[in-house]
Amino acid sequence: MTKSKITVINTGGTFNKRYNPITGELEVPKDDLALQDIIKYSYNIEFELINIISKDSLEMNDFDRELILKTIEKCTNENIIIVHGTDTMDLTAKYLDEKIKNRNIVLTGAMLPISINKVEATLNFASAIGFLNSDIKNDIYISMHASVKNYKKLIKNRELGKFLNI
C-alpha cells in the first residue's frame with residue numbers, strides 16, 4: 001500500500017501554545033507535541049515533521065518567512081502543510097506565493113491552542129490533509145474553520161474572531 005507523503009513545517013502560533021504554570025502565560029514550545037495526537041491517527045499518510053521558528057505569528061518577520069521559504073525549497077514532497085499563527089498567515093502566504101509555483105502549500109493554525117481545545121486545531125489540520133489528498137493545482141491555500149481556499153479567498157475577520165470566505 002502506498003501512503004501519501006506530506007511535509008509539515010511547524011512554525012508555532014496559537015495552535016501549539018501551552019500553559020506555563022510557573023509564568024502563568026501561554027507559550028509557544030519548540031516541539032511538535034500539539035501535532036503528535038493528530039498524526040498518530042493518520043494511517044494513510046507518511047509525515048515529515050520539521051520544527052522551525054516557534055513563535056507567535058505577531059512576532060514573525062520577513063527573515064522568518066525567508067526561513068520558511070528555504071525550508072520549502074529543500075523539501076522533496078510536493079504537498080506541504082505549514083502550521084502557522086493566524087494573525088499573519090496571510091502575509092506569509094502572499095510572501096510564498098510570490099516565490100513558489102511548484103508546490104501545494106496549505107497554511108493552517110488555530111484561534112485556540114490545541115492544549116485548550118482539541119477540536120478546532122484538529123479540524124483545521126485534518127481539513128488540510130484531506131485537501132492535499134485530492135486533485136488540486138499547485139497553489140497557496142489556507143485551511144481554517146472547515147474551509148480550504150486560496151489564501152486570498154479565506155480571510156481572518158478580527159472583529160468576529162474567525163475566518164470567513166470572501
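Here are legends for a handful of close-up views of this predicted model.

**View 1. Strand 7, tucked away inside.**
Let's start with strand 7, which covers residues 139–144. Is this strand buried or exposed? With 6 of its 6 residues buried, strand 7 is largely enclosed by the rest of the structure. In a regular strand the side chains alternate between the two faces of the sheet. You can follow that pattern here: Asp-139, Tyr-141 and Ser-143 point one way, while Ile-140, Ile-142 and Met-144 point the other way. Whichever way they point, all of these residues are buried.

**View 2. Strand 6 and strand 7, side by side.**
Now look at strand 6 (residues 104–108), which pairs with strand 7 in the parallel sense. How many bridges link the two? There are 5 bridges. Pick out Leu-107 and you'll find that its bridge partner in strand 7 is Ile-142. To get from strand 6 to strand 7, the chain passes through helix 4 (residues 118–132), making a β-α-β crossover that is left-handed.

**View 3. A hairpin at the end of strand 7.**
Strand 8 takes in residues 147–150, and it runs antiparallel to strand 7, joined to it by 4 bridges. Find Met-144 and look across: Ser-147 in strand 8 stands opposite. Together, strand 7 and strand 8 form a hairpin, with 2 residues between them. In the turn sits His-145, which has a positive phi of about 50°.

**View 4. The stretch with a domain label.**
Zoom out a little to residues 5–149, which UniProt lists as "domain: L-asparaginase N-terminal" in an unreviewed entry. The C-alpha atoms at the two ends of this span lie 21 Å apart. As for what it's built from, the span is 30% helix and 30% strand.

**View 5. A few salt bridges up close.**
Side chains of opposite charge can pair when their charged atoms come close. This structure holds 11 salt bridges, and here are some to look for. Lys-55 and Asp-64 meet with N to O at 2.9 Å. Asp-64 is buried, since its relative accessible area of 4% falls under the 20% cut-off, whereas Lys-55 is partly exposed at 23%. Next come Lys-101 and Asp-97, whose side chains meet at 3.5 Å, N to O. Which end of this pair is exposed? That's Lys-101, at 59% relative accessibility, while Asp-97 is buried at 15%. Salt bridges with shared partners also tie Asp-37, Lys-40 and Lys-118 into one network. Within it, the closest N and O atoms of Asp-37 and Lys-40 are 3.3 Å apart. Asp-37 is partly exposed at 38% relative accessibility, and Lys-40 is partly exposed too, at 48%.

**View 6. Arg-18 and the residues it touches.**
Arg-18 belongs to strand 2 (residues 18–20). It counts as partly exposed, with a relative accessible area of 30%. What does Arg-18 contact beyond its neighbours within four places in sequence? The list includes Glu-25, Leu-26, Glu-27, Pro-29 and Leu-33. Another contact is Asp-31, whose side chain is joined to that of Arg-18 by a polar contact of 2.8 Å. Ser-115 is on the list as well: Arg-18 and Ser-115 are 97 residues apart in sequence, yet their C-alpha atoms are 5.9 Å apart in space.

Methods:
Residues numbered from 1 in each chain as written. Predicted model: local features only at pLDDT ≥ 70, side-chain atom pairs only at ≥ 80, totals over all residues. Heavy atoms only, no water. Buried < 20%, exposed > 50% of the residue type's maximum accessible area, 1.4 Å probe, protein only. Pairing = 2+ DSSP bridges. Right-handed = clockwise from strand over helix to strand, strands pointing away. UniProt positions renumbered as here; feature names shortened; annotations may be inferred. Salt bridge = Lys/Arg side-chain N within 4 Å of Asp/Glu carboxyl O. Contact = heavy atoms within 4.5 Å. Polar contact = N/O pair within 3.5 Å; in protein donor to acceptor, adjacent residues only side chain to side chain.
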